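Subject: A structure for you to look at

Hi there,

Here is the structure I promised to pass on to you. Have a look at it first, and then read on.

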Amino acid sequence: QSLAGCVAPEKVCVLLGAFVKSDFAGQAELWWEDSTHALGRMSSDESPVLVCDAQGHPPLLIAAVMARGEICVQEDLARERHRLLLCPLDAPMRRRGVLAVTVPAARFEPLAVQQIGSLALLAATTLERLHYVQVAQAATLDMERERLRSTILSALSHDLRTPLTIMVGRADALCDEANDGSERIRELALSIRSQAIGMSSLTDNLLDLARL
């Protein structure tokens with residue numbers, strides 16, 4: 001029920017840590033794939049269960065569980081009289097990470113493996129749900145952005161074409177009046193008309209390109 005109300009991955013991590021601490025007197029952390037499929041540590045506790053190597057890569061144990069998809073149970077070499085459990089986070093769509101839990105040996109029992117495995121499944125499902133919520137929100141934002149861009153382009157098209165059309169019309173009128181007057185005025189009017197038509201064509205091309 002608590003996981004169902006989560007709206008952020010960090011909250012999932014906090015709930016997992018609190019549950020493992022209260023039920024097993026242990027510590028939990030998530031190793032979760034980001035959008036680039038890189039594994040990163042997510043924890044609500046300052047002291048890590050496992051740490052990256054000198055190059056910043058995930059521990060080999062995490063990589064092995066991620067590759068094989070099997071629960072790993074062994075002695076926790078970093079903590080005296082503790083057991084280390086690594087559970088793959090198998091979400092409905094694909095495997096997305098690893099749940100790392102360290103539990104005092106006195107509190108460790110075979111049933112704990114099943115319980116933590118179930119916890120990992122719930123966490124994976126919740127985190128994948130949040131992932132697709134973010135994907136849907138991003139898609140909605142892109143649609144709204146595109147709609148706004150189209151509106152701006154339409155307004156810009158009108159605001160640019162209107163004065164250019166007026167310039168062409170006024171240049172035509174000036175040409176008609178110049179037929180009875182100075183040839184120089186007529187040449188200037190024709191030049192203005194030509195430049196306005198060229199600018200109008202360029203504006204059309206730029207707006208079409210922006211739409212594409």
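Below is what was found in it, beginning with the sheet and moving on to the side chains. Please keep in mind that this is a predicted model.

**The sheet**

Five strands make up an open sheet, and following it across you meet them in the order β2-β1-β5-β4-β3. The pairing is antiparallel. The edges are taken by β2 (39–42) and β3 (72–75); each has a single partner strand, so one side of each has no neighbour in the sheet. On average, neighbouring strands are turned by 20 degrees against each other, direction ignored. As a reminder from the textbook, strands of a sheet pair through backbone hydrogen bonds, either parallel or antiparallel.

For a closer look, try β1 (residues 27–33), which pairs with β2 over 4 bridges in the antiparallel sense. One residue to find there is E33, whose bridge partner in β2 is L39.

**The helices on the sheet**

Helix α2 (residues 60–68) packs on the sheet and touches β1, β2, β3, β4 (82–90) and β5 (95–104). The direction of α2 makes about 130 degrees with that of β5. Helix α3 (residues 110–178) packs on the sheet as well, touching β1, β3, β4 and β5, and its direction makes about 40 degrees with that of β4.

**Salt bridges**

How many salt bridges does a search of the whole structure find? The count is 12, and these are among them:

- E33 turns up again here, in a salt bridge with R94 (2.7 Å, N to O). R94 is in the loop between β4 and β5 and E33 is in strand β1, so this pair links distant parts of the chain, 61 residues apart. E33 is buried, at 15% relative accessible area, while R94 is partly exposed at 31%.
- R149 pairs with E146, with 2.9 Å between the closest N and O atoms. Both lie in helix α3, 3 residues apart, which is about one turn of the helix.
- D172 pairs with R193, the closest N and O atoms being 2.4 Å apart. D172 belongs to helix α3 and R193 to helix α4 (residues 183–211), so the pair ties together parts 21 residues apart in sequence.

**Rings**

The structure holds 1 aromatic pair. F19 and F24 form it edge-to-face, 6.5 Å centre to centre, with 70 degrees between the planes. Is each ring's residue buried or exposed? F24 is buried, at 5% relative accessible area, and F19 is partly exposed, at 37%. Elsewhere, R83 lies over the face of F108, 5.1 Å from the ring centre.

Enjoy exploring!

Technical notes: Residues are numbered from 1 along each chain as its sequence is written. This is a predicted model: local features need pLDDT of at least 70, side-chain atom pairs count only at pLDDT 80 or more; totals for chains, interfaces and linings use all residues. Side-chain values use heavy atoms; hydrogens and water are left out. Rings of Phe, Tyr and Trp (its six-membered ring) pair if their centres lie within 6.5 Å; planes under 30 degrees apart count as stacked, over 60 as edge-to-face and the rest as tilted. Buried means under 20% relative accessible area, exposed over 50%, partly exposed in between (1.4 Å probe, protein chains only). A charge sits over a ring if NZ of Lys or CZ of Arg is within 6 Å of the ring centre and within 35 degrees of the ring normal. Two strands pair if DSSP finds at least two bridges between them. Helices (H or I, at least four residues) and strands (E, at least two) are DSSP runs, numbered from the N terminus. Axes are lines fitted to C-alpha atoms, for helices over the stretch in contact, and angles run from 0 to 180 degrees between N-to-C directions. Contact means heavy atoms within 4.5 Å. A salt bridge is a side-chain nitrogen of Lys or Arg within 4 Å of a carboxyl oxygen of Asp or Glu.
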